[in-house]
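Reader: I'm new to this structure and would like some help reading it. Could we go through a few features together?

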Amino acid sequence: MISASDALTENHIQNSNQITRQASKFINDETNEIIVHRADINTTMNVEYQPVTCIYRDKKNELNLILNCKRKQSDLYQLEDLVQAGELQYINQTLDDITKNLIDRLNYNNYSFPKFIQDCLTPIMYLLKRQQNLDDFFISLTFKYQGIDQPTEYQLQQRTNSSLRMLLHVLFMNSDIFLCRIIMSLLSKRNPVPFISSNIQVWNQNEQYQFIPAILHVWNYTRPTILSFGIGPCQGKSTLLNQLFQSTFEQTVDSIYFQQTIDIDFGYSFNPERTLNIADAHGVIDKELLHKIQPLFDGFLIQIDKTYLDRQPQILIEYLNILPANKFQMIIIRDTLYNNLQECPFAIQNLLKQFRANFSQKLHIYPLVNISNTNDRIVTFAIKTLREELLTKIKFEVQITNNTYEILLNLQNLMARDYVEYLRQLNSIIQPLKKLLLQKNNLQSNQNFPLYLKFQELCKLRQKLKKIDFYGSESENMFETYDKLNQLENELDPNTKTFSPIKSGQVFDLFIEILKSDNMLMSLDLLSTELKHELLTLGSDKITGDLTVENAFSSLEVLWRNATVCYTHTTNDQQNLIERSYYDFIAAGFPFEIIDGDNLHFQHQFLTKILSKFVSKRILVVSIIGPQNSGKSTLLNYMFGTLFDVREGRCTRGIYGSLVKLIKSNQNSNNTLGRNLSAEIPDIDYIMLIDTEGLLSIEKNDNEYDRRLVLFCLAVSHLVIVNMMGDVNETLKDMLTLCADSLKQIGVNKVNQPIVHFVLNQKADPNLKNHSEAIERIIRDFKEKELAEVIDISPKTFHTLPSAFKKERVSNDAQSPCFIRTEPDFIQRTQQLCEKIIESAKSSYGRSGQTISDPPQWLRTAVTIFDTLQKFPDLTYFKDINERRQDDQIRQHIGELISKTLPADYRKKTITDLCELTENEIRKQLQAKFDVHQNDLDNDLKIIFKATSASERIRDRCRQFLKRQVTEISNAWCTAVLQAHDQKQMEVLVRDGSDDLRK
């Protein structure tokens, strides 16, 4: 790394005065526009670029106020605080309501400014969890902050200008390392992130800025990064960037947070992706600092005011001398008069050529008129022209000159040594496993996860056996499948003595090493992020389908699944480690797998050990079901602040749970900021949220699997949310009706009536009244399907929501990136929905008895339901209730036909007639009789099919059922005849023996 002192050499300083004098003379001769008033550059630098501590020596009050916001090391925010922040606290409140409450507390309750800042962090964390752009919140807060009653002199000393940068800095300052990483990740989704911030704690030691280390985790290495900075007093730099690139950089206020600070917008909120990252430097950037950071950037936008350039052209040259000559540079000369637009670039180019031998071929000059009047058409055209020229030149002239390793190395050189060392330690822990997983060598799978491969094979055999047994397929394969199944079960039994133990594999061993680390959760999160990034490179089509086992292991949930499979095959110490780690993982707020959707397996024995730690913790269980891509996980995340994975396609596989801890009023110091719904549920400790795989998936295409998910959720929940994108389609109506009817047949669900709420999502018009006709039609359909008999359906159980996101395009080009902004209305409406859902679920809580009172008891009930679904697959076989009833009706006819064709007296006569024959003759004659009966019954069955208008599925099923019934009766009669035959033979032997004795 080049030292900062190399940037401005002694020779350069000595030649500065000469440059200034020549520049003054040259520009004067060319245009008579640019005039240098000071020939002595040292004097100029002393006036214009005095140390920041001198400029802001009156900011001591601001420094002290911010330092008073710092929490003790032992009280730093942790992930649990983020998960709980604001949840169930802002029911029926808009952003304006939240900010008004904050300002009212500051204004009327004489709250200290540090306490006010701390209170602001709760809604910020709440909004970040919902991937919200923070502009709307802070604009509302600032507007009300500025409207505070005229403060006293004392109050002025206790307050300072607020800014979003300040609030975020306090949040980072008061968070532990792991939470800083999570917050940075959440912030980057919809907002610029801080790269360089004010160094509050050592400000007086002439270290005014600090690099934010958590940016290492969100830096986008795949696109070029352009740094925009100003030279001299230049107003509106951030505003221009926002207009050009649809960024949301904060405008400067009088604060230390806008002096030598830099934010970066990585464009993660754009779809399709924006082609570049934008960095915005606030205030006057120090040349030494610019020299330090310039290797990180692939291009530079230099904004300078025309009037200032006229006075100080040599300052521009000095900054350009710091920048590398091989990188893209554009000088934007602000507030250029319209009649000077053509002349100005030539003058500047001549100036640069005169005084800079290594002039960059990628340097461009763009004069820009005053753009303060955004309603002026000339301004609109000027910005559009600049945008198009910028993007065109960047496309052809900017390449990512540094590879990922070089950028990362440069970033690490800027960060504090202790943090870099900390990351290296984490990296040394996760890299062996990551490297092994990314090799994806099929030949090594048996070494990497041998137990998991056996487990996967076992699950496939179990599912195959259930289909063979139930659907009446060729039964000759059944015994072979049973043999394979028994062999696998013995191999996977850790207590078996007949097989040598199977090793857990290298993946498990390396995963255990991560669990042993001091920073287990952060190590897992880092590994998960890196693996997820690799997985996304496969493409959405491969991710949504059935993953190969090698690709499936590129996810944290499968690594945990592998650990649970290996759990019984490892030592007691490792078992305790896995239990303790998974409990910490769940308690921190991360989702946990309930049913493995890839293998249709329930690891209930392992979960029993984990959830036993939550014994006596009362829970309210809310499930969500709905079609794929209908926004189920997104809805839960917005309603309850959960961390369910969200992406297009099949992101949830199987069933996952998340425990949301309810903070009571005496535990929540901020409860007066709004209505705290947690305090109104005194009997509940946690809300257990159950997220399910999308129904009606094209990739999975398994309606029976879908029906199992629906029935499971109906049976183990206090309330089920049916989330639909638009209206409820017929397939889902049929599915719900059938599953609700199946509940009565199961007989294990203790909730009198399942409470089901329907959410019609992504409605252009979310006004429920305007959809009353459609809702009434849906209710009528459900009543016709008799669903209303088992589920309480009324207009009160229907809700509408707008789209969670809206797209904003900066230009009219349909192919240009769209900025994805979270709708504030969606957040407000989801909180209103949250209140209704909880209130409704509470009414079911008392009726459920002890079946789902706490996590261990809930698990026992869930296991019972799952086993019932496995043992009785006909509960979910039919596509709708009509098919089930049709099947029942035909089976009843079949029973009557069999009773009529093969009555008891006919059986008795047949036994009597045939028992005198040989065994071979008995079998032949019985086979002939039953072939005739089978044929007659098949013909009778055709008549029944025609009369009942049976579907082809039901016809096939009933034919197989009839055949099996006839076959079983035939076998039973054959056995009875043979027994009678043996009895006759025995009687003959006894009689002959008696006769012999008499002789």
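**Strand β19 and its neighbours**

Author: Let's start with strand β19 (residues 818-822), which is mostly covered, as five of its five residues are buried. Buried means under 20% relative accessible area with a 1.4 Å probe, protein chains only. Strands are DSSP runs of E with at least two residues, helices are runs of H or I with at least four, and both are numbered from the N terminus. This is a predicted model, where local features need pLDDT of at least 70, side-chain atom pairs count only at pLDDT 80 or more, and totals for chains, interfaces and linings use all residues. Residues are numbered from 1 along each chain as its sequence is written, and side-chain values use heavy atoms, with hydrogens and water left out.

Reader: Which residues point one way from β19, and which the other way?

Author: C818, I820 and T822 point one way, F819 and R821 the other way, and all are buried.

Reader: Which strands pair with β19?

Author: Two strands pair if DSSP finds at least two bridges between them. Strand β18 (residues 805-809) runs antiparallel to β19, with five bridges, and K806 stands opposite R821. Strand β5 (residues 270-271) is also antiparallel to β19, joined by two bridges; here N271 stands opposite C818.

Reader: Now a helix. Why is α10 described as largely enclosed?

Author: An α-helix has 3.6 residues a turn, so residues three or four places apart point the same way. In helix α10 (residues 164-173), ten of the ten residues are buried, so the rest of the structure largely encloses it. Among them are R165, H169 and F172.

Reader: And how do I read a pocket? What is the volume of the second largest one?

Author: Rolling a probe the size of a water molecule over the atoms shows where empty space is left. On a 1 Å grid over the protein atoms alone, a pocket is an open set of points with protein on both sides within 12 Å along at least five of seven lines, and lining residues have an atom within 4 Å of a point. The second largest pocket has a volume of about 1,200 Å³, that is, the space filled by probe spheres set on the points. Its lining has 45 residues, with R462, K466, E489, H601 and Q870 nearest the centre.

Reader: Which element gives the most to that lining?

Author: That's α21, with ten residues.

Reader: How much of the whole protein is buried?

Author: Of its 999 residues, 56% count as buried, and the protein has 39 helices and 19 strands.

Key
Buried < 20%, exposed > 50% of the residue type's maximum accessible area, 1.4 Å probe, protein only. 1 Å grid on protein atoms, 1.4 Å probe; cavity = no way out; pocket = protein on both sides within 12 Å on 5 of 7 lines; lining within 4 Å.
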